[in-house]
Amino acid sequence: MTEILEVKITALGAQGDGIGAHDGTPVFVPGTAPGDLVRAVISEKRRNGIYTQLEAIVEPSADRIEPGCKHFNKCGGCQLQFLSGDTYRRWLKERAEMTLSHRGLPLDVIAEPIISPPKSRRRVALKALQMPGRLILGFNERQSHKLVDVTECPVTREEILAVLPALRTVLKSVLKKRMTADIHLTLSGTGVDMLVDSAMELDLAAREQLVDFANAEDIAAIHWRDQGFVDPVIIRREPVMTLSGVRVPLAPAAFIQATEDGEAALVREVVTACEGYARVADLFCGLGTFSFPLAKNHQVLAVEGAKQPLEALKLGLNQATGLRQVLAQHRDLYRRPMTADELAAFDVVVFDPPRAGAKEQAAELAKSQVKRIVAVSCNPNSFGRDARTLVDGGYILEKLVPVDQFLWSPHLELVGVFTRP
Ligand SMILES: C[S@@+](CC[C@H](N)C(=O)[O-])C[C@H]1O[C@@H](n2cnc3c(N)ncnc32)[C@H](O)[C@@H]1O
């Protein structure tokens, strides 16, 4: 039997769901804002609360706005687009507070969130599916494998959106029946770069159509990856990124920060936190997003576990001028974190790991005498764990800056600055 609750929403949780209460038990209702009075259908009762689906808004909150995108509510990308700017900003700060309070860390260090504007996302991963009679190109629905056919997107750069109609046409003719593909589009410094992941071998006709598409749309390069093998279909211009004035080659779908604004904010916070110190280790350095700006005033050791970005960083270094000494080291920091003894050679350590965080490296840092640590994170949960380790090791969390590169989603980056007193 369908159970329906009437709930007043009073807060937003870590995943952006509205939270109210029923007889003292938390009730989670996705798609709602603080101040909404809603009717919600119970889908699951768990230990931590009642999970529901929104049935109707009885009285809307004053914090709601009309979302601009026609795919809102279906597309899983921008679930919080209906929140007013102030409410969304407040929630980003609350998200950072939840991270710290969950780990018993002080909250008075949180700075104002830095939010990337609409139309600024410079890398997207779309999915394509060849259906009988039509091709679907878009994003997943929220918490579902179903695809939403996307014809507009308010967060993505115009240069990427501009190629989608022609991309749709070429994929419709290239992809075989029922085949799927993941399409990674990155706006590089030399134009849109495309990597297609698909378990489909390209024949000559498909290859020619992709080349025609690249020429017509001025695509920089297209690679096709079939079961791990990367096939360069056409390279019209070598994709490159300019990181703090240094040009580095960009491998297909290589990691770059999601927006230019976000990258600039992260670099600003990292560089400011390192001011006044001489020797810096940049761990999980990738292509050198932080190593290059830091190398203007510091000696830098850049450490990375993947060979491709490290080689790109080295090529960038070879051509860069005006940088101080930079050493690039290939190392798996999960299996072989830098030890407290090795870290004695540095005044500051910057670390920016993948979503899993850097448990092993944080444990070594906690034992070290490094004066300052800057933790850059794309996952508040692993950040909280690693921050707790550092604080238990005697570090003080001095500042935490929320940086939002995924507008209207619950995805949030954090920059934490820790000092050893
Ligand atoms: C979030 S990215 C950050 C990259 C860079 N700091 C930036 O801002 O562009 C995380 C980086 O960690 C690297 N990485 C992943 N696993 C690693 C490991 N076990 N050891 C060292 N680096 C690793 C990835 O290749 C990637 O470059």
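The following legends describe close-up views of a predicted model.

**View 1. Domain arrangement of the protein.**
The domain assignment divides the protein into domain 1 (1-63), domain 2 (90-117 + 256-419) and domain 3 (123-239). Domain 2 is thus given as two segments, 90-117 and 256-419. Taken over C-alpha atoms, the centres of domain 1 and domain 3 are separated by 38 Å.

**View 2. The open sheet of six strands.**
An open sheet is formed by 6 strands, arranged in the order β1-β5-β6-β4-β3-β2, and its pairing is mixed. The edges are occupied by β1 (4-8) and β2 (11-12); each has a single partner strand, so one side of each is left without a neighbour in the sheet. Strand β1 pairs with strand β5 (residues 37-46) in the antiparallel sense, over 5 bridges. Within this pairing, V7 has V38 of β5 as its bridge partner. In general, strands of a sheet pair through backbone hydrogen bonds, either parallel or antiparallel.

**View 3. Strand β9 and its pairing with β8.**
Strand β9 comprises residues 134-140 and is mostly covered, with 5 of its 7 residues buried. Strand β8 (residues 123-131) runs antiparallel to β9 and is joined to it by 5 bridges. One of the residues to trace here is K127, whose bridge partner in β9 is G138. The two strands form a hairpin with 2 residues between them, and G133 in the turn has a positive phi of about 85°.

**View 4. Strand β9 and its pairing with β10.**
Strand β9 also pairs with strand β10 (residues 147-149), in the antiparallel sense and over 3 bridges. Here G138 stands opposite D149 of β10, while K127 is the residue whose bridge partner in β9 is G138. The hairpin of β9 and β10 has 6 residues between the strands, and Q143 in this hairpin takes a positive phi near 45°.

**View 5. Surroundings of the ligand.**
Around the ligand are 17 residues, of which Q257, T289, E304, D332 and L333 come nearest. By residue class, the shell divides into 9 nonpolar, 4 polar and 4 charged residues. The side chain of E304 places an N or O atom 2.5 Å from an oxygen atom of the ligand. A polar backbone atom of L333 is 2.8 Å from a nitrogen atom of the ligand. For D352, a polar side-chain atom lies 2.9 Å from a nitrogen atom of the ligand. The ligand taken alone exposes 590 Å², and the protein buries 87% of that area.

**View 6. Positive phi at K119.**
K119 lies in the loop between β7 (114-115) and β8. Its phi is near 60°, a positive value in a residue other than glycine. The relative accessibility of K119 is 42%, so the residue counts as partly exposed.

**View 7. Positive phi at Q227.**
The loop between β13 (221-226) and β14 (229-235) contains Q227. Phi of Q227 is near 50°, again a positive value in a residue other than glycine. Because its relative accessibility is 74%, Q227 counts as exposed.

Technical notes. Residues are numbered from 1 along each chain as its sequence is written. This is a predicted model: local features need pLDDT of at least 70, side-chain atom pairs count only at pLDDT 80 or more; totals for chains, interfaces and linings use all residues. Side-chain values use heavy atoms; hydrogens and water are left out. Buried means under 20% relative accessible area, exposed over 50%, partly exposed in between (1.4 Å probe, protein chains only). Helices (H or I, at least four residues) and strands (E, at least two) are DSSP runs, numbered from the N terminus. Two strands pair if DSSP finds at least two bridges between them. Domain bounds come from an automatic or database domain assignment. A residue is near a molecule or strand if one of its heavy atoms lies within 4 Å of it. A polar contact is a pair of N or O atoms within 3.5 Å; within protein, one must be able to donate a hydrogen and the other to accept it, and residues adjacent in sequence count only if both atoms are side-chain atoms. Accessible areas come from the Shrake-Rupley method with a 1.4 Å probe; for residues, only the protein chains shown count as cover. Ala, Val, Leu, Ile, Met, Phe, Trp, Tyr, Cys and Pro count as nonpolar, Asp, Glu, Lys and Arg as charged, and the others, Gly among them, as polar.
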